[in-house]
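Trainee: I am new to this structure and would like a close look at a single part, the sheet. Could you take me through it with care?

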Number of protein chains: 2
Amino acid sequence: MQTISSWAAHGGTLSVHDHASSTTNCTMRFAVYTPPQAKDGPVPVLWFLSGLTCTWANVMEKSGIMAHAAQHGLMVIAPDTSPRGDDVANDDAYDIGQGAGFYLTATQAPWAEHFKMDQYLTNELPVIIAGNFPADMARQGITGHSMGGHGALTLHLKYPETYRTCSAFAPIVSPIRVPWGQKAFETYLGPLNIDWEQYDTTELVKERPSDAHILIDQGGADQFLTEQLDPETFLTACKNHGQHVTHRMQPGYDHSYYFIASFMADHVAHHASVLPG
Amino acid sequence: MQTISSWAAHGGTLSVHDHASSTTNCTMRFAVYTPPQAKDGPVPVLWFLSGLTCTWANVMEKSGIMAHAAQHGLMVIAPDTSPRGDDVANDDAYDIGQGAGFYLTATQAPWAEHFKMDQYLTNELPVIIAGNFPADMARQGITGHSMGGHGALTLHLKYPETYRTCSAFAPIVSPIRVPWGQKAFETYLGPLNIDWEQYDTTELVKERPSDAHILIDQGGADQFLTEQLDPETFLTACKNHGQHVTHRMQPGYDHSYYFIASFMADHVAHHASVLPG
């Protein structure tokens, strides 16, 4: 692991790191916010999975997450949204290829060689975190935005004992039913097949609701609300299958980081209440 | 005035506007954060003047200022750092020309035609704000970063009854004594002459200290600390001439927006304590 940059921030440290990933077969970059409380021993970990086109930087620069994490004593991990590099397959579209990993394991050429973000996040990066940072890996939560909300929800539902708390900002809750998800899954997983459902939050919640209480904030003026996010099918599935969820429709808010920053305090507090620092 | 964009943020509204300026002879862009308290009547105004290369966006996206302004009921105005446009003089250097207005009135060609940021900020933009937003112009404070800290300090000392409160992040406190200021002043004002001192905070504070208590935060690991910022001469002048100032050296912090965001809560509270919402 190589440290690229480091900044003092909110009494703690923001640092950015590269490492050679054996899962994605390329160099992966991630950021870690270590709160001041880590001086006294391992702290709980909050993963933030970002949306289409983003890197570690968006959430650390624009969301205010570090100020709230410093208050509650949480470490924040911001991974990249896909493998990257000249040798990694890409596409001119913003919603396919680099910056658009969709937190799944691709089965189709040319994507299958590098695009394994779910395996990278659950198997490889946690070992790096545990080995290099004062992180208490028995206390992990996960959140994210848009495509990253999809990532957070699916990983929480699949691994509820690892990611004990979950929240999301404007998540894609049923990729198999919306254009972003259908395009990505067809590209990475091939035409509709049994693999698709394992990456669909709405289908997962029908099979295995978690014991956690999920917090979701949704912008009422989000330009993607109707076509791409469509929370109703998911909320119906939660109701029918006993998944506890608080879904807050926030009038006037769009899909931007101004929306995320406006409600980040509540999300960090939501995780901290179950994963005390 | 034309509204370019608008977002819900922290219970209020962030909006971005263009207008044709008769002072700078070009289209000027600025951003306004209107806090939720403005629904109940005019609110105090906090000006944030940005540093080299910045626009309205840096402070609104990265500093967390809106969250704190919403808490205290302050409006935030983020002007641009210079006139801009194809017809406006420019330079390849990041510290001269567009993005580097230095909050002064240029006397030298080709700059004198457009570069009048101090006049624009004190005479023209306030009329636009007062006419279009729920701002109480009897309660204004001013802050800024680096070059914008220089702008905030000089405008406060010249117009203490307009900008009743003042703070700064890593300000240029004596441009006539440091390379950034010497280069800019020589370019915009010509070789050392009587005009230079009127734009130098340290010289101004010797002549006319204000009754306000100025708050300054300084990064102890700021890469520009010794060569460009050099607070000691200014602090000595404050001491000798009765200017109240709290200068906080923050160990480990650099010149970035991570530094600004880490201490923004204290700055907004500093202004709000004198300009209650």
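Mentor: Helices (H or I, at least four residues) and strands (E, at least two) are DSSP runs, numbered from the N terminus, and by that reckoning chain A has 10 helices and 9 strands. This is a predicted model, in which local features need pLDDT of at least 70, side-chain atom pairs count only at pLDDT 80 or more, and totals for chains, interfaces and linings use all residues. Residues are numbered from 1 along each chain as its sequence is written, while chains are lettered from A and ligands numbered from 1 in the order in which they are written.

Two strands pair if DSSP finds at least two bridges between them, and the open sheet of chain A, with mixed pairing, sets its 9 strands in the order 1-2-3-5-4-6-7-8-9. Its edges are strand 1 (2-9) and strand 9 (244-250) of chain A, each of which pairs on one side only. From one strand to the next, the twist averages 20°, where axes are lines fitted to C-alpha atoms, for helices over the stretch in contact, and angles run from 0 to 180 degrees between N-to-C directions.

Within this sheet, strand 6 (residues 135-144) and strand 7 (residues 163-169) of chain A pair in the parallel sense over 3 bridges, and Q140(A) has Y163(A), in strand 7 of chain A, as its bridge partner. Helix 3 (residues 117-132) of chain A packs on the sheet, touching strands that include strand 6 of chain A, with whose direction its own makes about 135°; for contact, the C-beta atoms of two residues, placed from the backbone, must lie within 7 Å. Helix 10 (residues 257-274) of chain A lies across several strands, among them strand 7 of chain A, to which helix 10 runs at about 165°.
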